[in-house]
Amino acid sequence: MTNGVRHVLGFVAGLFLPSLILVGLLYGTGEITLSAQRFFAVSWAAIGVLVVTAIGLAFLVGSRLSPVASLLGGLQYTVLGLLPILELGGTRLLPTNWLPLPLARGYMNAGYLGFLLLLGVLLLAASAFPSRWRGRPRTDGPPAPYYAPGPHAYSGPAGPSGPPPAAERDPYAGEPWRGDDATRPMRRD
């Protein structure tokens, strides 16, 4: 998949997925609050919705999806998280009764506690990594050319394919991370 296609799909996912996650988050937190206040009970349906919401957030932040999706979701959550904080200054920004009861109660919980702002900044930070914007290198091209060993190759009694002398052996050749771990910046001596 090319980068352009990946980012277009990320844009489409960024339009729909954060909104669905937000509805699930607001419904789950609002329904848990209402059931705890009215019946002193746990709403298992709301907990299930919150679990699915958490899985959706993990998918949105994940590195396989284009960062455009988390960027759009982060902007949406940051704006919705800043509105309650701006309202604390006395200016009424949100209309009354603009959401049904469980969603309104969930927005009161998540918005005024700063949880939506926290999620917005998290999503914006997840989309800021440059490695998420780059695509994978192409693997369908021709293989890399093979180069024969140069003049620096050991040509002792066993020939060029023989073992190097003890002074030229790599002391880390037997380590399990040798060649596998590209994240280790330098050797430990």
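User: Where does F40 sit in this model?
Analyst: Bear in mind that we're looking at a predicted model. Helix α1 covers residues 3-38, and F40 belongs to neither that helix nor α2, but to the stretch linking them. So, going by the DSSP runs, the place of F40 is the loop between α1 and α2.

User: What is the phi of F40, given that it is not a glycine?
Analyst: This one stands out a bit, as F40 isn't a glycine and still has a phi on the positive side. The residue is in the loop between α1 and α2. Its phi is about 50°.

User: Is F40 buried or exposed?
Analyst: The relative accessible area of F40 is 79%. The cut-off for exposed is over 50%, so F40 clears it and counts as exposed.

User: Let's go to α1. Is H7 buried or exposed?
Analyst: H7 is found in helix α1, and its relative accessible area is 19%. Buried means under 20%, so the label for H7 is buried.

User: Which residues is H7 in contact with, leaving aside its neighbours within four places in sequence?
Analyst: H7 is a buried residue of helix α1. Once the neighbours within four places are set aside, the contacts of H7 are S66, P67, V68 and W133.

User: And V8, is that one buried or exposed?
Analyst: V8 is in helix α1 too. Its relative accessibility comes to 53%. Since exposed means over 50%, V8 counts as exposed.

User: What separates the C-alpha atoms of V8 and A69?
Analyst: Along the chain, V8 and A69 are 61 residues apart. In space, the separation of their C-alpha atoms is 9.4 Å.

User: How many helices does the protein have?
Analyst: There are zero strands in the secondary structure. From the N terminus on, the elements read α-α-α-α-α-α. That puts the number of helices at six.

User: Where does UniProt place the feature "transmembrane region"?
Analyst: The unreviewed UniProt entry gives several stretches for this feature, and the annotation may be inferred rather than shown by experiment. In the model, one of them, residues 68-86, is 100% helix, with end C-alpha atoms 27 Å apart. Another, residues 106-129, is 79% helix, and its end C-alpha atoms are 31 Å apart. The record's positions are 7-27, 39-61, 68-86 and 106-129.

User: How are α2 and α5 oriented to each other, roughly parallel or roughly antiparallel?
Analyst: Helix α2 covers residues 44-61 and helix α5 residues 115-126; their axes are 9 Å apart and meet at an angle of about 30°. On the α2 side, L57, L60 and V61 meet L119, L122, L123 and A126 of α5. Angles under 35 degrees count as roughly parallel, so α2 and α5 are roughly parallel.

User: Which residue forms a salt bridge with R92?
Analyst: Side chains of opposite charge can pair when their charged atoms come close. The rule asks for a nitrogen within 4 Å of a carboxyl oxygen, and here the closest N and O atoms are 3.6 Å apart. The model's count is one salt bridge, and the partner of R92 is E87.

User: Which label does E87 get, buried or exposed?
Analyst: R92 counts as exposed at 53% relative accessibility. E87 comes in at 9%, and the limit for buried is under 20%, so E87 is buried.

Methods: Residues numbered from 1 in each chain as written. Predicted model: local features only at pLDDT ≥ 70, side-chain atom pairs only at ≥ 80, totals over all residues. Heavy atoms only, no water. Salt bridge = Lys/Arg side-chain N within 4 Å of Asp/Glu carboxyl O. Buried < 20%, exposed > 50% of the residue type's maximum accessible area, 1.4 Å probe, protein only. Helix = DSSP H or I, 4+ residues; strand = E, 2+ residues; numbered from the N terminus. Axes fitted to C-alpha atoms, helices over the stretch in contact; angles between N-to-C directions. Parallel < 35°, antiparallel > 145°, perpendicular 65-115°, else oblique. Contact = heavy atoms within 4.5 Å.
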